[in-house]
Amino acid sequence: MHPQEISILSPCSSSSHEAEVDPRKDPRYQGLFCPDTIIEPFKVKVVEPLPLLSREERARGLKMADFNLFSVPAEEVTIDLMTDSGTSAMSQAQWAAIMQGDESYAGARSFFRFKEAVQDLTGMKYVIPTHQGRAAEKILFTVVGGKGKAVPANTHFDTTRANVEHSGCQALDFVIPEGLDPEAEHPFKGNVDLEKLEAWLNENASRVPLMVLTVTNNSGGGQPVSLKNMKALRELLQGFNIPLFLDCARFAENAWFIKTREPGQNHRSVKEISQEMFRLADGAMMSAKKDAFGNIGGFLALNEESIAAECRNLLILTEGFPTYGGLAGRDLDALAVGLEEVVDERYLCYRIASTRYVWKRLDDLGVPLLRPAGGHAVYIDARRFLPHVPPSLCPGQTVSVALFLEAGVRSVEIGTVMFGRTLEDGRQDPAPMDLVRLAIPRRVYTQSHMDYVIEAVRFVFEKRSRLGGFRISKEPEALRHFTCSFEPADWDPLAI
Ligand code: F0G
């Protein structure tokens, strides 16, 4: 190993989950510079100013937005951790590739470069570009879904679930029990509960068109799936003749966890591991707004010709011609480069370490978190953060609002607001968990930005006993979290 690689890799191998040894302890590297500081493996070329508002200005903004952070204009947000989707900073190579974009309607050179990059990773025959992940889901489940059918997953992401259900099909989750317990420690909390799945398949296999495996498991806290679990799943599904599709928005982060946590995988490259993950599957849907560093984009890749043909016909109706599928040629070029960059282990080492850095500092402060750190985000457990605020008063919303009001940090509530519902008598039926996600955009913020976020959480945590809950005062029929209005439940959040 090159000394530089040791210095970059060594701190990443020191978590309790890392199966392999810390390379710094290897006698061959004695005397070499092995710093604890993991530096961002890039430097700044273009800067975008950060809005720095006063608390009063943010309080005004919050009131105007009826306390819904989706309604707050981005120019009022200092650090935006609402999502890691579409928010990456593109590299100089990606921006250069944009200039090579071929905007021909049919057969553009950009498409062939994109297709080659996808095929190099996935090994899949048919590559169908879409404007983002949910478009790939919509097309796939319109073709394979339908009434009477059922699609199992470790955990369906919300848009995947919505698209499966929209087709009339049932969407079911089979993640291991640890994956549902925020406090459980397990290196692969995204794994499938194979026994439970097998028992269910014994009764239901005939109505299953395919199974979805989300890597990493976003709705379960950005937790990875092990290669061992994938192989066993593959074998189980083959016995029932059921294809496996990856929802691979964060495949490279998953592969990095396999490399660093799964016994016997440390010597392999992330690219090799990723290729093996895809080889175990029959198809993949990707939101390229995550691990392809795209500001927009997605794809569907698969091997089965008849399904690919049907998907392509639908694509022409809803997205565009099969060689651009709702994207500009320049987007396809940027994504082709992004798919190569994301398997760079110096990047992934920094990426996962930077998420863990925030997680560890908050954990040391006693802030209740979903354990262990995920790949793309840190999740605060709002029920334990605010034990005096009942789930029906949306404690996650309180934490989110307070982080924004005090520091301009925007997070997203993943709990009762997003997944609960209002009963006929007006009471709230709460979600199973009330979490607040701090999702970290790729290559965008530096360590000092993250130190600021940590201070903000500490500040809010210290005044937690003075915070109250929120009632939903107005809500739409569906997907209420995007547009609903809130009112504080008998307290003044702006005054404390
Ligand atoms: N699958 C997963 C695992 C996702 O995380 C997302 C999006 C999608 C599919 C849908 O992709 O947004 O490109 O249509 N997740 C974003 C998030 C929105 O904030 O976690 P899309």
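This is a short dialogue on reading one predicted protein model.

Me: What kind of model is this, and how are residues numbered?
Reply: It is a predicted model, where local features need pLDDT of at least 70, side-chain atom pairs count only at pLDDT 80 or more, and totals for chains, interfaces and linings use all residues. Residues are numbered from 1 along each chain as its sequence is written, and side-chain values use heavy atoms, leaving out hydrogens and water.

Me: How many helices and strands does the protein have?
Reply: Helices (H or I, at least four residues) and strands (E, at least two) are DSSP runs, numbered from the N terminus. Here there are 17 helices and 16 strands.

Me: Which strands stand at the edges of the open sheet?
Reply: Two strands pair if DSSP finds at least two bridges between them. The three strands run in the order β9-β14-β11, with antiparallel pairing. At the edges stand β9 (377-381) and β11 (412-414); each has a single partner strand, so one side of each lacks a neighbour in the sheet.

Me: How many bridges join β9 and β14?
Reply: Five bridges, in the antiparallel sense, join β9 to β14 (residues 435-439). Ala377 stands opposite Ala439 in β14.

Me: Is Thr260 buried or exposed?
Reply: Buried means under 20% relative accessible area, exposed over 50%, partly exposed in between (1.4 Å probe, protein chains only). Thr260 has a relative accessible area of 5%, which means that Thr260 is buried. Thr260 belongs to helix α9 (residues 251-261). Across the protein, buried residues make up 58% of the 496 residues.
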